[in-house]
Amino acid sequence: MVRQIRRALHIGLVVAGIAISNFAAAQTAAVDSKVAAIEQQVIAWRRDIHQHPELSNRETRTAALVARHLQSLGIEVRTGVAKTGVVGVLKGAKPGRVIALRADMDALPVEEQTGLPFASKVTAEYNGKTVPVMHACGHDAHTAILMGAAQVLAGMRNQIPGTVVFIFQPAEEGPPIGEQGGASEMIKEGALSNPKPDAIFGLHVEPGVLGRIDVRYGPLLSSATDLRIDLQGRQTHGARPWEGTDLINLSADIVKSLTTLSARQVDVFDVPNVVTIGMMQAGVRGNILPGDATLQGTIRTFSEERLHRLQELIDTSVEGLAKSYGATAQVSYRQQAHVTGSDAKILESIMPALKEAAGAAGVDTRAPLRAAAEDFSFFEREIPGVYYIIGSTRDFKDKASTPSNHSPRFDIDERVLAIGVKAQVLTALQFLRTTP
Ligand SMILES: [Zn+2]
Ligand SMILES: [Zn+2]
């Protein structure tokens with residue numbers, strides 16, 4: 001008897017499941033046809049933006065293109081958020097939660113060598129120099145994808161329970177020297193208020209199997225912390241080091257110590273980390289021991305606790321070594337980005353949408369951790385998020401033979417644009433239709 005009731009219940013659930021999946025299938029088919037209808041337009045946007053790349057905090061043409069497009073869709077638009085950022089608010093016909101979708105808009109000081117018919121020939125001023133400019137990180141694709149997603153979602157307004165916020169962000173790669181910019185500035189200027197999103201989703205194109213989505217339940221990209229060590233001592237003749245402070249040897253000891261402690265005093269199987277000193281400045285000629293020296297480096301890791309532990313170890317080590325040489329040291333840190341990843345519960349709830357968008361290429365939730373950092377992490381400090389990477393290479397063989405992001409030959413298979421639009425639309429709809 002009990003067993004029969006269970007069976008009846010089970011059949012009921014199965015029927016309900018079929019009803020839901022029929023609904024989902026119908027909705028996916030509708031999204032598919034809307035995406036197909038604008039695919040050529042999205043490609044045209046991407047090419048236009050690619051041919052007119054703009055450096056961080058200078059994305060005025062791109063921002064104007066975005067704002068005009070959102071306005072034409074009847075979306076409420078705020079411009080000039082953190083200099084050139086654009087925020088669009090699309091209110092669905094039904095009440096519900098708020099989801100934010102984010103795209104970055106800036107290009108890099110790289111000389112394009114793709115040979116594409118729409119390759120960039122643009123130059124611009126960067127930190128006082130004239131430099132070539134290229135969309136070498138794929139942010140042209142991200143901007144075009146989100147413009148497409150806005151169009152599809154605006155066309156479905158009547159069926160949307162809740163609100164979609166479109167965040168077009170400047171300066172993901174970091175603002176020029178002496179300027180503020182990027183996600184943290186957008187937050188300061190209200191990008192995450194009126195309305196406050198319940199969650200935010202972001203994506204990035206990267207060399208890989210076309211359409212394959214890499215994502216993780218938890219951290220995916222490392223944090224990035226700038227490290228600077230200023231050393232002071234007494235300048236002396238190189239022939240009489242005992243009369244002064246040998247900051248050259250001290251610098252060498254510090255470099256070795258930091259590299260060793262980050263490999264020997266923490267469990268790198270538990271949380272991976274890297275500490276690199278990439279710059280040493282000391283001295284002007286061979287027979288003078290200088291009175292000051294500067295080291296600069298970067299710390300990459302995947303948890304706040306690990307970062308704080310490394311900072312403690314670095315502080316102790318530098319202080320101790322400086323003391324042993326009779327020098328003084330100042331250690332300072334600047335947080336470039338926090339850990340980027342996905343909120344496990346939200347990722348679970350939108351996984352069917354990601355799988356649908358990835359299609360046969362599939363979703364890899366055990367994607368390798370990446371020692372690359374993302375400004376998106378500042379949004380994720382405020383609200384939970386999901387961040388995924390979409391493979392974007394035509395006939396992908398391996399990473400070694402494919403130009404990486406930031407390479408002068410970086411390019412995408414433009415079929416990834418439609419996949420990206422579909423992923424953003426379906427994940428937003430699924431999030432809004434899921435009861436928390
Ligand atoms: Zn980049
Ligand atoms: Zn990027």
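**Pockets and a zinc site in a predicted model**

By class, the second largest pocket is lined by seven nonpolar, four polar and two charged residues. The structure is a predicted model, and this pocket is a convenient place to enter it. Its volume is about 280 Å³. The lining comprises 13 residues, and those nearest the centre of the pocket are A24, Q27, T28, P352 and Q430. Three elements supply two or more residues each to this lining, namely α1 (2-51), α7 (344-358) and α9 (415-433). Of the contributing elements, α1 gives the most, with five residues.

The largest pocket has a volume of about 1100 Å³. It is lined by 37 residues, among which E172, E173, G174, Q336 and A373 are the closest to its centre. Two or more lining residues come from each of the helix α4 (183-188) and the strands β7 (199-209), β10 (223-232), β14 (292-301), β15 (328-337) and β18 (385-393). The most generous contributor is β15, which provides four residues. By class, the lining of the largest pocket consists of 14 nonpolar, 12 polar and 11 charged residues. At the level of domains, at least three lining residues are drawn from domain 1 (39-222 + 339-433), and at least three from domain 2 (223-336).

The discussion now turns to the metal ions. Which residues are the protein donors of the zinc ion (ligand 2)? They are C137, through SG, together with H139 and H204, each through NE2, and they lie 2.1 to 2.4 Å from the ion. Along the sequence, these donor residues follow the spacing C-x1-H-x64-H.

C137 has a further role in the arrangement of the metals, as this residue bridges the zinc ion (ligand 2) and the zinc ion (ligand 1). The two ions are 3.0 Å apart.

Are the donors C137 and H139 buried or exposed? C137 has a relative accessible area of 7% and is therefore buried, because the cut-off for that class is under 20%. H139 likewise counts as buried, since its relative accessibility is 0%. The bridging residue C137 is thus a buried one, and H139, which donates to the zinc ion (ligand 2) through NE2, is buried as well.

Terms used: Residues numbered from 1 in each chain as written. Chains lettered and ligands numbered in written order. Predicted model: local features only at pLDDT ≥ 70, side-chain atom pairs only at ≥ 80, totals over all residues. Heavy atoms only, no water. Donors = N, O, S within 2.8 Å, 3.2 Å for Na, K, Ca; no water. Buried < 20%, exposed > 50% of the residue type's maximum accessible area, 1.4 Å probe, protein only. 1 Å grid on protein atoms, 1.4 Å probe; cavity = no way out; pocket = protein on both sides within 12 Å on 5 of 7 lines; lining within 4 Å. Points joined across faces, edges and corners; volume = space filled by probe spheres on them. Nonpolar A, V, L, I, M, F, W, Y, C, P; charged D, E, K, R; others polar. Domains from an automatic or database assignment.
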